[in-house]
Amino acid sequence: MQPTPDPAASAVLAVVFLPFVAAALVPLVYRALGERTAYYAAAVALACFGLVASQYGAHGAVTVPWIPSLGVSVSFYVDGLSLLIGFLASGVGVLILTYSGGYMHGEPAQPKYYAALLAFMGSMLGVAFAADLVALFVFWELTSLSSFVLIGHYQRQESSQYAARKSMLITVSGGLFMLVGFLLLHDVLLDVTAADNAFSIVWMLEHADLVQEELRAAGLFLPVLGLIAVGAAAKSAQVPLHIWLPNAMEAPTPVSAFLHSATMVKAGVYLLGRLRPIFVSEEWQLLFAVLGLTTMTVAAILAVGATDIKELLAYSTASHLGLIVAGFGFLSDLGGETGAFHIVNHAAFKAALFLVAGIIAHEAGTRKIANLGGLKDDLPITAAITAVAALGMAGVPPFNGFYSKELLFEAAWEAAAHAGGLAWLYPAVAVFGSVFTFLYSIKFLMLFFGEKPTGLHSVHSPPWVMLAPPLVLGVIAGAISLGGVLGTFGIHFAPFDHFVGEVWASTLPPEAEGHAFHYYVPTHLTPAAAMSAVTIVVGAAAYPFYDRLHRGVNRLTDVDALRANWYYDSAVFGANDWSDVAAARVQNGLLRTYATWAMAAVAALALAGYAASGVALPSVDISAGMTLPMALVLGVAIVGALAVSIAPSHISGVLTLSILGFMVAVFYVLADAPDLALTQLVVETLTLVIFLLVLDKLPAFYGNAGRGKMVRDGVLSVVVGATVFVTVLVSTAAAPAESIAGEFLELSVPEGGGGNVVNVILVDFRAFDTMGEISVVAMAALSVLTLIAMRERGEIQ
């Protein structure tokens with residue numbers, strides 16, 4: 001057997017980071033090319049596709065040190081699964097960016113649009129090839145950030161703002177759950193491996209059994225599994241976190257086709273496929289088979305209730321993602337084959353259908369299902385593309401979606417036959433959900449047949465730049481369909497079968513032995529074939545009642561308690577109302593209030609941190625080095641501090657406070673620290689002068705703040721003082737074995753050329769720190785001067 005070549009580090013690094021560099025250059029390119037920037041972006045995507053293709057057949061990791069002290073590296077891993085997502089992100093990216101050249105004509109903010117699309121593509125490629133949990137999380141969150149920009153492209157529309165916020169809140173929140181799972185996993189693995197491996201996905205895949213054993217021994221297997229499941233479910237729009245996906249259709253159609261059919265929503269199912277060898281177990285099957293089949297069915301029912309073609313496709317996307325999740329959830333080899341194969345099939349037919357939806361909206365001027373029909377005469381090529389893609393989505397043989405759905409039926413039947421009892425719900429729910437999938441798929445196809453609705457005038461043919469990308473996707477879907485027909489006669493398309501087999505092998509545990517992957521139209525009756533037949537027959541019988549089913553679904557979704565959106569809106573807008581009340585209380589324009597909240601928060605966080613970390617306070621020997629003059633000076637300082645709290649006016653309070661400051665300066669003199677004493681005297685004098693200069697702008701007396709506020713302020717002052725005291729004790733308790741003071745003293749004259757070691761430290765050894773501090777002071781001074789000048793000119797009040 002010929003050994004598998006290692007991936008080329010330069011190619012892998014280039015494919016991940018090239019899109020980010022290209023995105024940074026978009027503003028400059030747009031100045032030169034204008035709307036033709038779409039083809040610049042498409043060329044970048046094509047280059048990435050070529051780089052991914054150059055790694056076909058390679059297998060292995062590429063590692064670049066990132067944070068060596070923490071054992072964190074930027075690691076990338078090439079195998080069948082990562083290549084699949086890489087091909088989808090870059091290949092579909094070429095088609096989407098080309099399509100955008102026609103669709104986005106005359107649209108606003110195009111530089112931002114193309115830069116965000118390229119950044120998203122780079123983020124998705126990073127997710128695909130990441131071999132390190134830290135790198136995976138970083139790229140994972142970058143996909144959420146770039147998709148937020150793209151979904152909110154029409155930023156002045158409230159619906160677009162709402163959709164972008166919803167997608168960000170749900171996907172980023174899910175990512176934070178996933179991060180906690182990663183950290184728990186890392187914490188467990190530190191006990192059995194080196195720090196370099198505790199974040200490494202590659203090491204975990206090679207030691208999958210050990211990872212699972214350690215998690216179970218620590219009692220963290222189910223928590224980690226659940227936390228990662230939340231992250232994957234949020235990104236892949238699984239019930240009940242599916243609600244962001246339909247709203248995301250506010251984005252331009254190319255964004256919907258790219259992010260929400262072929263790439264971003266695949267991140268969640270990719271994560272499940274990547275971690276499947278590590279976590280596969282009975283708990284894994286129960287969680288993801290139930291989650292996937294539930295999402296597949298619920299989303300398919302909601303798609304039947306859709307009134308907008310992009311809304312229909314959005315719910316359809318969630319449904320098919322549920323199919324992939326369920327496939328990866330089943331323990332058998334068939335489950336892995338289902339997930340791997342349907343990622344390919346779904347990307348082909350769904351991206352094509354989204355682009356078709358864009359053509360319909362662009363040329364017909366509407367996306368309302370009730371206002372569309374009879375489009376085949378005006379859009380014959382688009383109708384042919386839709387026929388191939390929609391029938392594949394419906395799972396009708398011999399079109400491509402049929403084969404992966406057949407694998408799901410086989411996996412569900414096999415799991416039920418093995419477990420028995422309630423497990424027979426697996427195949428039953430799979431068929432039930434597939435009936436609704438058949439219904440909405442045929443409904444989309446029928447937009448091109450029948451009579452045109454009243455008011456739908458002549459529809460123009462789209463430009464070739466918009467027609468070519470869905471045509472390419474339709475041809476790919478058709479080629480996969482043809483491969484199944486040929487497979488029935490024993491003629492297999494070896495390169496495609498081999499690639500899908502490689503993807504599937506990436507989802508198997510290390511000890512599992514796979515087999516050659518082939519797909520074909522069944523020639524004899526099997527349970528899966530019977531399930532497919534039932535789906536098609538029941539779907540065809542129910543289609544005449546589609547409108548009645550459509551109204552029934554909408555009546556159900558009119559009930560608030562049955563809508564996940566109602567819970568989301570209630571929580572978010574309820575939190576908004578509470579924040580408005582809290583803001584009015586906290587930000588009331590009074591300096592006393594701001595100081596109270598800021599100081600209380602800092603003190604609470606500091607003390608809570610000390611308590612949580614179990615910091616023990618060191619013993620303090622006040623008598624060590626204490627002399628009688630020092631004690632007298634400190635006694636006067638304490639009396640001055642007490643006098644400040646009872647001072648009857650601003651002037652007496654400021655003067656009394658100065659006594660405290662000057663006593664501290666005298667203490668430094670007695671402690672043989674003349675430099676500190678001089679600094680303290682200068683600062684104290686300047687503070688006193690500044691206070692005296694502004695006293696005439698303040699009331700002569702403090703006034704009556706009320707006993708409650710006085711008590712509150714007194715307690716707060718004690719807490720803040722205690723916090724500072726504890727912080728000083730904790731921060732000065734460390735006694736390093738080797739002091740740096742000796743080195744400073746030795747190097748002060750030969751290296752710094754000065755006998756005053758403090759000055760040498762500030763000017764030579766820590767020159768950059770000093771320069772930074774001076775820069776901050778200079779910037780603050782310039783800001784103050786600018787404000788004064790603007791006020792004198794009457795520009796500000």
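**Exercise 1. Work out which helix gives the most to the lining of the second largest pocket, and describe that lining.**

Step 1. Start with the top contributor: α21 supplies eight lining residues, the most of any. Helices here are DSSP runs of H or I, at least four residues, numbered from the N terminus. One caution before going on: this is a predicted model, where local features need pLDDT of at least 70, side-chain atom pairs count only at pLDDT 80 or more, and totals for chains, interfaces and linings use all residues. Numbering runs from 1 along each chain as its sequence is written.

Step 2. Now list the helices with at least two lining residues each: α3 (80–103), α8 (201–206), α13 (266–279) and α21 (494–505).

Step 3. Look at the middle. Of the 33 lining residues, H59, G501, E502, A505 and S506 lie nearest the pocket's centre.

Step 4. Sort by class: 18 are nonpolar, ten polar and five charged. Here Ala, Val, Leu, Ile, Met, Phe, Trp, Tyr, Cys and Pro count as nonpolar, Asp, Glu, Lys and Arg as charged, and the others, Gly among them, as polar.

**Exercise 2. Place F691 in its helix and decide how exposed F691 is.**

Step 1. Find the helix: F691 sits in α28.

Step 2. Check the accessibility. F691 comes out at 34% relative accessibility, so F691 is partly exposed. The cut-offs are under 20% relative accessible area for buried and over 50% for exposed, with partly exposed in between (1.4 Å probe, protein chains only).

**Exercise 3. Give the buried share of the chain.**

Step 1. Take the chain's 797 residues: 47% of them are buried.

Methods
Heavy atoms only, no water. 1 Å grid on protein atoms, 1.4 Å probe; cavity = no way out; pocket = protein on both sides within 12 Å on 5 of 7 lines; lining within 4 Å.
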